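Here is a walk through one structure, strand by strand and contact by contact. Have the model open beside you as you read.

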Amino acid sequence: QFPNACGEPDDADHDGMSNLQEMYAGTDPTSAKSALAFESTARPEALSDEDKTPVAEDKIAFYIQTVPGMTYDLERCDQLNSEWSTATTVTATSTQKRVVLARPAGNAFYRVVVRP
């Protein structure tokens, strides 16, 4: 699909991720702008039916760009200098996944990690 990206260890777009890592993330290995990231809003056409249901007020929803069949950990920490812990693990069934968690009492940091 991406003829300009040669071998698995190559980094054709020079973004610090190998072609293999980009394959797992579902990103374009030839474009540094293509990244595994949180998305600020839902893309209803990309969500599964279960991810379109209302979210309770005591919950927070995250939307991430995903590859169907891939598994992702959503990790959390309260301070950036502390250890990250897995808040939940999800497997995508569409190109965007909504992850719903309990709303934190204070500030929290989140990141998404692709499981190989």
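Strand 3 and strand 6 run antiparallel and are joined by 7 bridges. Keep in mind that this is a predicted model. To find your way along the pair, start at Leu74, whose bridge partner in strand 6 is Val112. Right beside that, Asp73 stands opposite Val113 in strand 6.

Strand 3 (71-77) has another partner as well. It is joined to strand 4 by 6 bridges, and these two strands also run antiparallel. A handy marker here is Arg76, which has Ser85 as its bridge partner in strand 4.

Put those pairings together and you get an open sheet of 3 strands, in the order 4-3-6, with antiparallel pairing. Strand 4 (85-91) and strand 6 are the edge strands; each has a single partner, so one side of each has no neighbour in the sheet. On average, neighbouring strands in this sheet are turned by 25° against each other, ignoring direction.

How many residues of strand 3 are buried? The count is 6 of 7, so call this strand mostly covered, given that buried means under 20% relative accessible area.

Some of that burial ties in with the largest nonpolar core, which has 11 residues. Its members are Phe62, Ile64, Met70, Tyr72, Leu74, Val90, Ala92, Val99, Leu101, Tyr110 and Val112. Strand 2 (59-65), strand 3, strand 5 (96-102) and strand 6 (109-115) each give two or more residues to this core. Leu74 and Val112 are both on the core list, and you have already met them as bridge partners. As a general rule, nonpolar side chains in soluble globular proteins tend to be buried together.

Now for the charged residues. The structure holds 7 salt bridges, and the table picks out some of them.

| Acidic residue | Basic residue | Closest N and O atoms |
|---|---|---|
| Glu39 | Arg43 | 3.1 Å |
| Asp49 | Lys52 | 3.9 Å |
| Asp78 | Arg76 | 2.7 Å |

Which of these residues are exposed, and which partly exposed? Take the Glu39 pair to begin with: Glu39 is partly exposed at 24% relative accessible area, and Arg43 is partly exposed at 26%. In the next pair, Asp49 counts as exposed, with 64% relative accessibility, while Lys52 is partly exposed at 45%. The cut-off for exposed is over 50%, so Lys52 at 45% falls in the partly exposed class. In the last pair, Asp78 counts as partly exposed at 46%, and Arg76 is partly exposed too, at 26%. Beyond the table, salt bridges with shared partners link Glu50, Asp51 and Lys97 into one network.

One more spot is worth a look. Where does Ser94 sit? Ser94 is in the loop between strand 4 and strand 5. Is Ser94 buried or exposed? With a relative accessibility of 11%, Ser94 counts as buried, because the cut-off for buried is under 20%. Its side chain reaches the backbone nitrogen of Ser48 at 3.5 Å. Leaving aside residues up to four places away in sequence, Ser94 touches Ala46, Leu47, Ser48, Thr66, Val67 and Pro68. Ser48 therefore turns up both as a residue touched by Ser94 and as the owner of that backbone nitrogen, with contact meaning heavy atoms within 4.5 Å.

Technical notes:
Residues numbered from 1 in each chain as written. Predicted model: local features only at pLDDT ≥ 70, side-chain atom pairs only at ≥ 80, totals over all residues. Heavy atoms only, no water. Core = buried A, V, L, I, M, F, W, Y, C linked by side-chain atoms within 4.5 Å. Buried < 20%, exposed > 50% of the residue type's maximum accessible area, 1.4 Å probe, protein only. Helix = DSSP H or I, 4+ residues; strand = E, 2+ residues; numbered from the N terminus. Pairing = 2+ DSSP bridges. Axes fitted to C-alpha atoms, helices over the stretch in contact; angles between N-to-C directions. Salt bridge = Lys/Arg side-chain N within 4 Å of Asp/Glu carboxyl O. Polar contact = N/O pair within 3.5 Å; in protein donor to acceptor, adjacent residues only side chain to side chain.
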